[in-house]
Structure formats: structure tokens, C-alpha cells
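Subject: Structure handover

Hello,

Here is the structure I promised you. My notes on it follow directly below.

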Amino acid sequence: MVTLKAPYVAGFLGFREAPPLLQTLEKLKNELPDLMPQVLFVDGNGLFHSRECGLACHLGVQADLPCVGVAKNLLHLDGVVKSDEHQSQSSSKPVYVSVGHRISLATAVSLTHRCCLYRVPEPIRQADLRSREYLRSHILAPDVS
DNA sequence: GCGACAG
DNA sequence: ATCTTGTCGC
């Protein structure tokens, strides 16, 4: 019996990503409680969302943990426009930080800055790199013979 | 109406 | 997100 992951639908990323993330947090709490995070970083938006409830809010509320959303692309919402600087400065690769849950925007931005060695915060970057490596070696790897 | 629209 | 060719910089 396999569980199909919900498809990605713009505006509903949380419905696809929150379930497996919560499952992983639950497993972490049971097996490695010392590694339970005090704060969550999410690859996506929080209050910056069409319904002010992006993945960062969705996950933060269900996990009952502070959560900050960091998106790599600007979600187009009416009233939101890229500044002229971002439009013309091709070298600018901004990230969009928004409140997820139990944290202020000022703290979310500060925390993001302090966790960035590269463009995105290390927690998100490492999750991305390590998960891809896992898939490459355990799932997508062709036969070695 | 269609495309665009976090990942 | 994924795929994919090439380029630039440390």
C-alpha cells in the first residue's frame, strides 16, 4: 500500500509538504529528542500568502513550534510588485522572509541573516543538499553491476 | 478565457 | 520542482 503525495498546487504547498514534514518531526521527537529544533525554517512562505497561511504557518501551527518562511521566488499577489531595484539589478538574488508562527518578522529576518552562509539559511540548504544526495544514492542510483 | 503563481 | 548547455569566478 503506497500513500500518494498530494500534488503541488500554487497556494496550497502546505497541503503537500506539511504532512511528511510533521511525520518526520514526530519521528525525530521519538527517536532523537535531543535534536528536536526550537525553531523551524521552511522553504516557502508564511504569512506572505494569498490566504496569509503559507507552508510556514501551516507547519508551525501543527508542529506547535516557531517557524519562519524563506521563499526563493516572489509569489505574485495583487498589490505586491518587485521594486525597480530588483527589476533592473540582475545580480540581485533576494529571498523572501515571512512570519510562519510564534515569531516576529524582525526576529525571523534576524535569524535568517545569522543562519546564512550562502543565499538561503543553512538549515534549508543542508536539508536540500542532503535529501538530494539521499535520493541520488538510494532511490535514483542505477545498478552498479 | 489563458497564462502566471512558494515548491 | 525538473531538465539541460554553457559560462564565470574563486
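K72 is partly exposed, because its relative accessibility is 34%. K72 forms a salt bridge with D43, and the closest N and O atoms are 2.8 Å apart. This pair links distant parts of the chain. K72 sits in the loop between β2 and α3 (84-88), while D43 belongs to strand β1, and 29 residues separate them. D43 is partly exposed as well, with a relative accessible area of 30%. Please keep in mind that this is a predicted model.

Other salt bridges

The structure holds 7 salt bridges. Here are two more of them, both in helix α5.

- R132 pairs with D128, with the closest N and O atoms 3.0 Å apart. The two lie 4 residues apart in helix α5 (residues 122-139), so about one helical turn separates them. R132 counts as exposed, at 55% relative accessibility. D128 is partly exposed, at 29%.
- R136 pairs with E133, again with the closest N and O atoms 3.0 Å apart. Both residues are in helix α5, 3 residues apart, which is about one turn of the helix. E133 counts as partly exposed, at 37% relative accessibility.

The spacing in these two pairs fits a general rule. An α-helix has 3.6 residues a turn, so residues three or four places apart point the same way.

Overall layout

Chain A has 5 helices and 3 strands. Along the sequence they follow the pattern α-β-α-β-α-β-α-α. Of the 145 residues in chain A, 28% are buried. Now take the contacts in chain A between residues at least 6 apart in sequence. Of these, 67% join residues at least 24 apart.

The strands

Which residues cover the two faces of β2? C67, G69 and A71 are on one side, V68 and V70 are on the other, and all are buried. That alternation is what one expects: in a regular strand the side chains alternate between the two faces of the sheet. Strand β2 spans residues 67-71, and 5 of its 5 residues are buried, so the strand is largely enclosed by the rest of the structure.

Strand β2 pairs with both other strands. Strand β1 (residues 40-43) runs parallel to β2, and 4 bridges join them. D43, the salt-bridge partner of K72, has V70 as its bridge partner in β2. From β1 the chain crosses through helix α2 (residues 55-63) to β2, and this β-α-β crossover is right-handed. Strand β3 (residues 96-101) runs antiparallel to β2, and 5 bridges join them. Here A71 stands opposite Y96 in β3.

A histidine in the crossover helix

Is H58 buried or exposed? H58 is found in helix α2. At 15% relative accessibility, H58 counts as buried, because the cut-off for buried is under 20%. Leaving aside neighbours within four places in sequence, H58 is in contact with G14, F15, A18 and C53.

Helix α4

Helix α4 (residues 105-115) has buried residues at A108, L111 and T112. These cover an arc of only 105° around the axis, which puts them on the same side of α4. On the other side of the helix, A106, H113 and R114 are exposed. What covers the buried residues of α4? The cover includes β1, β2 and β3.

Cysteines

How many disulfides does a search of the whole structure find? It finds 0. The sulfur of C115 is 7.2 Å from the closest cysteine sulfur, in C116, and that is too far for a bond. C116 is likewise in no disulfide, since its nearest cysteine sulfur is that of C115, at 7.2 Å. C116 is partly exposed, with a relative accessible area of 26%.

In brief

- Strand β2 has bridges to β1 and to β3, and is largely enclosed by the rest of the structure.
- Helix α4 has its buried residues A108, L111 and T112 on one side and the exposed A106, H113 and R114 on the other.
- The salt bridge between K72 and D43 links distant parts of the chain.
- The search for disulfides came back with 0.

Best wishes

Key: Residues are numbered from 1 along each chain as its sequence is written. Chains are lettered from A and ligands numbered from 1 in the order in which they are written. This is a predicted model: local features need pLDDT of at least 70, side-chain atom pairs count only at pLDDT 80 or more; totals for chains, interfaces and linings use all residues. Side-chain values use heavy atoms; hydrogens and water are left out. Buried means under 20% relative accessible area, exposed over 50%, partly exposed in between (1.4 Å probe, protein chains only). Two strands pair if DSSP finds at least two bridges between them. A crossover is right-handed if, with the strands pointing away from the viewer, the path from the first strand over the helix to the second runs clockwise. A disulfide is a pair of cysteine sulfur atoms within 2.5 Å. The arc is that of the directions from the helix axis to the C-beta atoms. Contact means heavy atoms within 4.5 Å. A salt bridge is a side-chain nitrogen of Lys or Arg within 4 Å of a carboxyl oxygen of Asp or Glu.
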